[in-house]
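Biologist: I would like a close look at one part of this model. Please go through it step by step, in plain words.

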Amino acid sequence: MSEILIKDAYALIDGVIGRHSIYISGDQIAGIDRMPEGFQAARTIDGADRLVIPGLINAHTHSYMAPLRNIADDMPFMDWLFKGVQPVEDNMTPEDAYWGAMLAIAEMIRCGTTTFNDMQMHIHQTTKAVRDSGMRAVICRGLVGDEYDKDNYRVKEAFEEMEDGKDCGRLSFMLGPHAPYSCGPDFLRCVADLAKEKGLGIHIHLAESVTEIENLQKDHGCSAIEYAEEAGCFDVPCIAAHCVQISDHDIGILKKHNVSVVTNPASNMKLGNGFAPVPELLKAGVNVALGTDGAASNNSLNLFHEMSLLALIHKGTNMTPVCVGAEETVRIATENGAKALGLAGVTGKIAEGMKADLAILDLTEPSMMPRTDLLSSLTYSANGSEVDTVIIDGEIVMEERELKTIDLERVYHEIEKMSDRLGIGNKQKINRK
Ligand code: NI
């Protein structure tokens, strides 16, 4: 069994940063400041200038879309989707989706993310990328449809993929009805019934844009939140991405059913949709997690960027510096994400018995000096490049910024080939010797 000691480092435990030694045995945190019996460190990481945090949790993304980064920027939302992204996306092969997911995972690990919640189209590809990279993920096959049809081919694929991934401890699954505008009420009811039947959670996009809300009002006389509630989506653990266009009444519904909301500030703002009313959601006691959304709409998968935005935009729009503070922001990106994904007690915290999913930051970076308030550093001044070492499930997947499980050169080669074939440019090729 591999045993790792992180010796005398700064560590974020229960919202407080202090100096601790962390003992990792197998895939778990086996002791904090207390050496477990029989522990023999195969590796010792000197914590003198290091800050250990729980690995960040990207609670909403589409990893296969990483190759679509920067292909359709600064365009109106519907043009972005239907003229910019979708025609290229439709030409992606399953193999493209695998390399896309590998690129996404590489970027996430480099920025301290250890778990992501993915909605995808090509089954078996993200799961394979997760297996190969050592990442932790919750995966759902994106589902669209109109009729009450449990034999919808996408639904069948979703279950086929769950079967395929059930032996990997780092993988778990949900059902992923895409959104109210792509899932009719009968189909949504069908997916909710299946989720109940099989004991699965639901991951859905809700209330992303004004157009979505206006159309639902016109066609069904309800809000997106009411639409999903009516279909039964909230009768199971539910992750609602976006929730930008919601009322106080909607917030009450989300709280009543313990729905977790994933806010994606960069994506929402970039597409001109606004952003979720996070202070109001938190005040109402709703679990709020943080996501990047896909690289086509962000265009980064860096949660440090997202944490900074989250902590700043609500202060700016509410004209008060005392909302969504540093400690709360870090909690949203870690503990709350785990709770949303059904992984509370597994990841998102540094505690004995939890999986060893950790990001270790180099405090000798200028952005981390002086060490006046490291929680503030994490939220306001870090940019992700300070992440030096990443451990997932007790395995070191990055050390001194070198990825151990991903051959980045190979990934870049495949992404370049794919970009050429998909006709999305690669205008500036990588210079290779
Ligand atoms: Ni999305």
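**Helix H1 and its surroundings**

Modeller: Start with Phe77, which is buried because its relative accessible area is 12%, and buried means under 20%. Keep in mind that this is a predicted model. Trp80 is buried too, at 8% relative accessibility. Both residues sit in helix H1. Phe77 and Trp80 are three residues apart there, so about one helical turn separates them.

Now look at their rings. A search of the whole structure finds three aromatic pairs. One of them is formed by Phe77 and Trp80. The ring centres are 5.9 Å apart, and the planes are 15 degrees apart. That pair is stacked, because planes under 30 degrees apart count as stacked.

Go back to Trp80, which is buried at 8% relative accessibility. Another aromatic pair joins Tyr98 and Trp99. Their ring centres lie 4.9 Å apart, with 80 degrees between the planes. This pair is edge-to-face, because the angle needed for that label is over 60 degrees. Tyr98 is buried, at 8% relative accessibility. Trp99 is buried as well, at 9%.

Next, follow the buried residues of H1. They are Phe77, Trp80, Leu81, Gly84, Val85, Val88 and Glu89. What do the buried residues of H1 pack against? Their partner is helix H15, which covers residues 408–422.

H1 also bends. The bend is about 25 degrees and falls at Gly84. A proline, Pro87, follows within four residues. Gly84 also appears among the buried residues of the helix.

Now step back along the chain to the nickel ion. Which protein residues donate to the nickel ion? The donors are His60, His62 and His205, each through NE2, and Asp293 through OD. These donors lie 2.1 to 2.3 Å from the nickel ion. Their spacing in sequence is H-x1-H-x142-H-x87-D. One pair of donors links distant parts of the chain. His62 is in the loop between strand E6 (56–61) and helix H1 (77–90). His205 is in strand E11, residues 202–206. The two histidines are 143 residues apart.

Why is the arrangement around the nickel ion called irregular? The four donor atoms subtend angles of 89 to 172 degrees, which makes it irregular. A tetrahedral label would need every angle between 85 and 135 degrees. Two of the donor residues are also out of view. His62 counts as buried, at 8% relative accessibility. His205 counts as buried at 5%.

Last, a check on the cysteines. A disulfide is a covalent bond between the sulfur atoms of two cysteines. How many disulfides does a search of the whole structure find? The count is zero. Cys222, for one, is in no disulfide, and its nearest cysteine sulfur, that of Cys233, is 12 Å away. Cys222 is buried, at 12% relative accessibility. For Cys243, the closest cysteine sulfur is in Cys238, at 8.4 Å, so the two are too far apart for a bond. The cut-off for a disulfide is 2.5 Å. Cys243 is buried, with a relative accessible area of 0%.

To recap, return to H1. Its buried residues pack against H15, and the helix bends at Gly84. The loop before H1 holds His62, one of the nickel donors.

Technical notes. Residues are numbered from 1 along each chain as its sequence is written. This is a predicted model: local features need pLDDT of at least 70, side-chain atom pairs count only at pLDDT 80 or more; totals for chains, interfaces and linings use all residues. Side-chain values use heavy atoms; hydrogens and water are left out. Donors are N, O and S atoms within 2.8 Å of the metal (3.2 Å for Na, K and Ca); water is not among the atoms, so sites may look incomplete. Four donors count as tetrahedral if all angles lie between 85 and 135 degrees; four count as square planar and six as octahedral if opposite donors are over 155 degrees apart and all others between 65 and 115; anything else is irregular. Buried means under 20% relative accessible area, exposed over 50%, partly exposed in between (1.4 Å probe, protein chains only). The bend at a residue is the angle between axes fitted to the seven residues ending there and the seven starting there. Contact means heavy atoms within 4.5 Å. Rings of Phe, Tyr and Trp (its six-membered ring) pair if their centres lie within 6.5 Å; planes under 30 degrees apart count as stacked, over 60 as edge-to-face and the rest as tilted.
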